[in-house]
Amino acid sequence: MTAAPTGTVDREGPFCCSGCAAAYRLVCGCGLDDYYRRRQLDPDVPPPKPDDDAASVDYASWVRTDEAGEARLALIVEGLHCAACVWLIESLLSRRPGVISARVNMTTRRLVLIWREQETTAEVLAGLINGLGYRVVPYDPALLGRAQHRRERELLRAMAVAGFAFGNVMLLSVSVWAGHSEGMDAVTREFLHWFSALVALPAIAYAGRPFFRSALAVLAHGRTNMDVPISIGVTLAAGMSLAETIRGGPHAYFDAAIGLLFFLLVGRYLESRARGRARSAAEQMLALAARAVTVVADDGTRRVLPPTQVAVGMRAFVAAGERIGVDGVLVEGETEIDTALIDGESLPKRAGPGTAVFAGTLNVGGPILVRATAVGDGTLLAEMARLLEAA
């Protein structure tokens, strides 16, 4: 698939391996060959390639199944390039019998699959994606955190270089501006221009990479985005200033070019941090419910189960100081519950038999027994996390 010529799908080679050839035939056989005309490949990201010797993953252990027989699985998709990849994966999976929903979030690279358990399996669906050349792994928030951290570090380094160069070039520009009224000779002015070029041009080449990469990727496929005018403006300003410096002209605008980059990088970095905080909030919400639940059997024996294995109707024991792991109704005991996570109320609320309680809230009083009415993805906490992620 990866070696198929961009914009054409009427031939089958050359391919780098048999896996890519098989992926190409799979895409074309499903009538999804328009993918090759839609995709926008980032030259700095290696293309997806089927991994024949990858270790097997037990996807079934990560599947959640509800009472209606609908199974749900969350996966991280490695190798996504653009919206065409999202379209290809969603289109292929939605054509599979039994699949109810297949949604890919391009920002988080998270794929949420919902299917009828009796008609297909997690291994079959994951195998389809692997056959396209993408690699899927069970959802792990740490993977997204590391990727986000790398991107933020790159932006921070670029911003630091641009800020350092901007400050120094501005000092040189102030000298040139002041020299116009103080009788500065042409030789001194030309020297300051050359010194500004020596500082600004390498900084522009380094700090502008996040914009230049994106602009080149979309222009190669006849499209445009906001990074294209940014790249054009910065490149033209720097190029014109260099030309003026070479011919000994009185004006150069290296300060404007590097200053524009610096302020754009500040905005891009703050945007990345805001996205990261929103994603982190959703993950932390889910983490509050992802703790062991102590289930009490009818004979009074207790066993500790992961939240995914707790069924509706089971009784859960919650000790003082523990977070409740399920949505339910309090059936035994009296306590106070900190519900700030749900409603923002800072003061704990009194709770007794018959009181509705929710996953993620904190039991700050005595021990209680809760009969589960919703577990896992059906809890109010999970729904809040889904809404936050969608926002």
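The legends below accompany close-up views of a predicted model.

**View 1. The protein chain as a whole, in the predicted model.** The protein chain contains 11 helices and 14 strands. It has 391 residues, of which 41% count as buried. Among contacts with a separation of 6 or more, 68% join residues 24 or more positions apart. The exposed area of the protein chain is about 19800 Å², and carbon and sulfur atoms supply 58% of that area.

**View 2. The open sheet of six antiparallel strands.** The strand order is β7-β6-β8-β14-β9-β12. β7 (302-305) and β12 (356-357) are the edge strands; each has a single partner strand, so one side of each lacks a neighbour in the sheet. In general, strands of a sheet pair through backbone hydrogen bonds, in either a parallel or an antiparallel arrangement. At the β7 end, strand β6 (residues 293-296) runs antiparallel to β7 and is joined to it by four bridges. Within this pair, V295 of β6 is opposite R303 of β7.

**View 3. Strand β14 and its two neighbours, β8 and β9.** β14 covers residues 368-374, and five of its seven residues are buried, so the strand is largely enclosed by the rest of the structure. To one partner, strand β8 (residues 315-318), β14 is paired in the antiparallel sense through four bridges. F317 has L369 of β14 as its bridge partner. To the other partner, strand β9 (residues 327-332), β14 is paired through five bridges, also in the antiparallel sense. Here G328 is bridged to A372 of β14. In a regular strand, side chains alternate between the two faces of the sheet.

**View 4. The largest nonpolar core, with 27 residues.** The members that touch the most other members are I89, L93, L111, L113, W115 and Y134. Two or more residues each come from β2 (70-78), α3 (83-94), β3 (99-105), β4 and α4. The largest contribution is that of α3, which gives six residues. Setting aside residues up to four places away in sequence, I89 touches V77, L80, V104, I129, L132 and Y134. A second core, separate from this one, has 20 residues, including L155, M159, F212 and L265.

**View 5. Helix α4 and its buried face.** In α4, the buried residues are A122, L125, A126, L128 and I129. Viewed along the helix axis, these residues lie within an arc of 150°, so they line one face of α4. One of them, I129, is in contact with I89. After α4 comes G133, which has a positive phi near 105°.

**View 6. T120 in the loop between β4 and α4.** The loop holding T120 connects β4 (110-116) with α4 (122-131). T120 has a relative accessibility of 7%; because the cut-off for buried is under 20%, T120 counts as buried. Beyond its neighbours within four places in sequence, T120 contacts R96, P97, W115 and L125. Of these contacts, W115 is among the residues of the largest nonpolar core that touch the most other members, and L125 is one of the buried residues of α4.

Definitions and conventions: Residues are numbered from 1 along each chain as its sequence is written. This is a predicted model: local features need pLDDT of at least 70, side-chain atom pairs count only at pLDDT 80 or more; totals for chains, interfaces and linings use all residues. Side-chain values use heavy atoms; hydrogens and water are left out. Buried means under 20% relative accessible area, exposed over 50%, partly exposed in between (1.4 Å probe, protein chains only). Contact means heavy atoms within 4.5 Å. Two strands pair if DSSP finds at least two bridges between them. The arc is that of the directions from the helix axis to the C-beta atoms. Accessible areas come from the Shrake-Rupley method with a 1.4 Å probe; for residues, only the protein chains shown count as cover. A nonpolar core is a set of buried Ala, Val, Leu, Ile, Met, Phe, Trp, Tyr and Cys residues joined through side-chain atoms within 4.5 Å.
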